[in-house]
Amino acid sequence: PRLVIDSDGDVTIDGNVSIGGTLTYEDVTNIDSVGLVTARTGIKVLDGGINVVGVSTFADELNISSILPKIVFNDTNAENDFHIANENGSFRIRDLDNPTDRYRINSSGTIHEFFGVADFNSHLTVDGNFTANRDINVDGHTNLDNVSIAGVTTFAGNIGGTATFNN
């Protein structure tokens, strides 16, 4: 190993340096640290990304910027993996194992896709029109005002009330 201190006070050391206390330094381009690292004015990673294992805490906001910003959730016990993405102005939750969007909503707030079973434990409020392209199964008492039925309708049991039929 070699230690050189020049007339300007610059120190050059060939080999590794081990420091048992606190080291304060500026203008460092490569850091290999085991343990806690504190950055006074932020951390900038230009290439290679950050691989974090364990709990991470972010104060204020987490900003993800790219052409297709997304967060990927990989389930390590062989269950479905998902990602949350912003693509062409639509927010979506995508099932990566069965490549389909499970939920997608555009920038105006219109829900375009919803797949699977929706379980609303208290209530669901829809402002505006509601279109169902598949069956709606209702168990229990349901109040329906101003129902318009097009096509063949089958009823089991008695129908009470006043009905108007148009020809």
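**Strand pairing, salt bridges and a nonpolar patch**

Strands S1 and S2 run antiparallel and are joined by four bridges. In this pairing, Arg 2 stands opposite Asp 14 of S2. The two strands form a hairpin with five residues between them, and Gly 9 in the turn has a positive phi of about 90°. The model described here is a predicted one.

The protein contains seven strands and zero helices, and the order of elements from the N terminus is accordingly β-β-β-β-β-β-β. Of the 167 residues, 6% are buried. Among contacts between residues at least 6 apart in sequence, 1% join residues at least 24 apart. The accessible surface amounts to about 16,400 Å², and carbon and sulfur atoms account for 48% of this surface.

Further antiparallel pairing involves strands S4, S5 and S6. S4 (residues 82-87) pairs with S5 (residues 90-95) over six bridges, in the antiparallel sense. His 83 stands opposite Arg 94 of S5. The hairpin of S4 and S5 has two residues between the strands, and Asn 88 takes a positive phi near 50° there. S5 also pairs with S6 (residues 100-105), again in the antiparallel sense, over five bridges. Here Ile 93 stands opposite Tyr 103 of S6. S5 and S6 form a hairpin with four residues between them.

Six salt bridges are present in the structure. One of them is formed by the side chains of Arg 92 and Asp 101, with an N to O distance of 3.5 Å; both of these residues are buried. Asp 101 also forms a salt bridge with Arg 104, in which the closest N and O atoms are 3.5 Å apart. The relative accessible area of Asp 101 is 6%, so this residue is classed as buried. Arg 104, by contrast, is partly exposed because its relative accessible area is 24%. Through shared partners, salt bridges join Glu 87, Arg 92, Arg 94, Asp 101 and Arg 104 into one network.

Another salt bridge links the side chains of Asp 95 and Arg 102, with an N to O distance of 3.0 Å. Asp 95 has a relative accessibility of 1% and therefore counts as buried. Arg 102 has a relative accessibility of 26% and therefore counts as partly exposed.

A nonpolar patch of about 880 Å² lies on the surface. The patch is made by Leu 3, Ile 5, Val 11, Ile 13, Val 17, Ile 19, Leu 23, Tyr 25 and Ile 31. Strands S1 (2-5) and S2 (11-14) each supply at least two of the patch residues. Ile 31 is located in the loop between S2 and strand S3 (70-73). Ile 31 counts as exposed because its relative accessibility is 53%, the cut-off for exposed residues being over 50%.

The hairpin of S1 and S2 is thus formed by two strands that each supply at least two residues of the nonpolar patch. On S5, Arg 94 stands across from His 83 in the pairing with S4, and Arg 94 also belongs to the salt-bridge network that includes Glu 87 and Asp 101.

Methods:
Residues are numbered from 1 along each chain as its sequence is written. This is a predicted model: local features need pLDDT of at least 70, side-chain atom pairs count only at pLDDT 80 or more; totals for chains, interfaces and linings use all residues. Side-chain values use heavy atoms; hydrogens and water are left out. Patches are made of residues with over 30% relative accessible area and no salt bridge: like charges are joined within 9 Å, nonpolar side chains (Val, Leu, Ile, Met, Phe, Trp, Tyr) within 5 Å. Accessible areas come from the Shrake-Rupley method with a 1.4 Å probe; for residues, only the protein chains shown count as cover. A salt bridge is a side-chain nitrogen of Lys or Arg within 4 Å of a carboxyl oxygen of Asp or Glu. Buried means under 20% relative accessible area, exposed over 50%, partly exposed in between (1.4 Å probe, protein chains only). Contact means heavy atoms within 4.5 Å. Two strands pair if DSSP finds at least two bridges between them.
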